[in-house]
Amino acid sequence: MSSPSRRLWLAPSLLSADFASLGEAVHAAEKGGADALHLDVMDGHFVPNISFGPALVGAVRAITKLPLDIHLMISRPLRHVEAFRKAGGDTLVFHVESEDPPLEVVRAIRASGASVGAAIRPDTGIDAVRPLFPQLDEVLVMSVHPGFSGQKFIPEVLPKVRTARDELDRSGSTALVSVDGGVTPSTAVDAARAGATFFVCGNSVYNSGDVADNLARLRAAVESGARDGVP
Ligand code: DX5
Ligand code: ZN
């Protein structure tokens with residue numbers, strides 16, 4: 001059942017920040033009350049876009065104590081687990097649609113000492129990730145097609161958020177349920193109502209206005225959504 005006292009995490013996505021002033025974007029998020037940072041790794045193969053790799057994660061690690069949630073949109077996550085962990089990733093989130101066997105990736109991430117997250121694209125069913133639930137610290141439900149920030153939230157993914165939250169709760173798991181893509185104060189309310197507890201926010205934090213004000217609006221939205229959440 002959803003509980004208003006459950007911790008709600010806001011995780012600004014650095015993909016939407018100005019890369020020429022990344023340090024400022026990190027500090028603004030930290031000062032503005034972010035709970036974590038989300039870093040989108042893209043290999044130009046699993047998704048058409050290319051973003052950044054372990055060196056940038058290490059540079060961010062060096063200037064913040066915020067937990068780093070590393071979203072691996074890459075075809076062969078197994079090859080890179082160690083590098084992203086060494087660079088300072090706290091949670092490594094891989095896609096179950098990648099080319100590596102999911103259980104092996106889970107084991108490798110766990111063995112590295114990082115927390116384990118698994119992600120599904122908007123058109124992937126919850127069945128693809130359900131068998132991993134007992135071993136996960138985070139279930140990431142993508143609410144846009146992976147590859148780019150600034151897309152529109154796909155509300156059809158919300159039943160998957162609800163299913164994940166309910167099943168994790170029933171089994172006693174405290175894993176986070178994340179939504180990623182198109183999260184704004186308005187869509188964040190719906191995601192929180194559906195049981196999401198971790199909100200990745202790119203453009204809604206960095207695209208316009210003040211980072212702290214944007215985070216405050218998002219905070220109010222997720223808290224209100226979680227209060228309305230149906231048990
Ligand atoms: C998309 C990424 C998201 C993205 C979120 O592939 O996984 O994390 O940066 O950005 P917004 O919030 O702008 O959709
Ligand atoms: Zn992401």
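**Close-up 1. What counts as octahedral around the zinc ion (ligand 2).** Six donors count as octahedral if opposite donors are over 155 degrees apart and all others lie between 65 and 115. In this predicted model, the six donor atoms around the zinc ion (ligand 2) subtend angles of 71 to 172 degrees, so the arrangement comes out as octahedral.

**Close-up 2. Who holds the zinc ion (ligand 2).** Two histidines and two aspartates do the job: His38 through NE2, His71 through ND1, and Asp40 and Asp180 through OD, at 2.0 to 2.3 Å. Read along the sequence, the donor residues follow the spacing H-x1-D-x30-H-x108-D. Asp40 sits in strand β2 (residues 37–42) and Asp180 in strand β7 (residues 176–180), so this pair ties together distant parts of the chain, 140 residues apart.

**Close-up 3. The two aspartates, buried or exposed?** The cut-off for buried is under 20% relative accessible area. Aspartate 40 has 5% relative accessibility, so it counts as buried. Aspartate 180 is buried too, because its relative accessible area is 7%.

**Close-up 4. A look into the largest pocket.** There's about 260 Å³ of space in here. The lining takes in 25 residues, and Ser149, Gly150, Gly181, Gly182 and Gly202 are the ones nearest the centre of the pocket.

**Close-up 5. What the walls of the largest pocket are made of.** Strands β2, β3 (68–73) and β8 (198–201), along with helix α7 (203–206), each chip in at least two lining residues. Sorted by class, the lining has 13 polar, 10 nonpolar and two charged residues.

Key
Residues numbered from 1 in each chain as written. Chains lettered and ligands numbered in written order. Predicted model: local features only at pLDDT ≥ 70, side-chain atom pairs only at ≥ 80, totals over all residues. Heavy atoms only, no water. Donors = N, O, S within 2.8 Å, 3.2 Å for Na, K, Ca; no water. Tetrahedral: all angles 85-135°; square planar, octahedral: opposite > 155°, others 65-115°. Helix = DSSP H or I, 4+ residues; strand = E, 2+ residues; numbered from the N terminus. Buried < 20%, exposed > 50% of the residue type's maximum accessible area, 1.4 Å probe, protein only. 1 Å grid on protein atoms, 1.4 Å probe; cavity = no way out; pocket = protein on both sides within 12 Å on 5 of 7 lines; lining within 4 Å. Points joined across faces, edges and corners; volume = space filled by probe spheres on them. Nonpolar A, V, L, I, M, F, W, Y, C, P; charged D, E, K, R; others polar.
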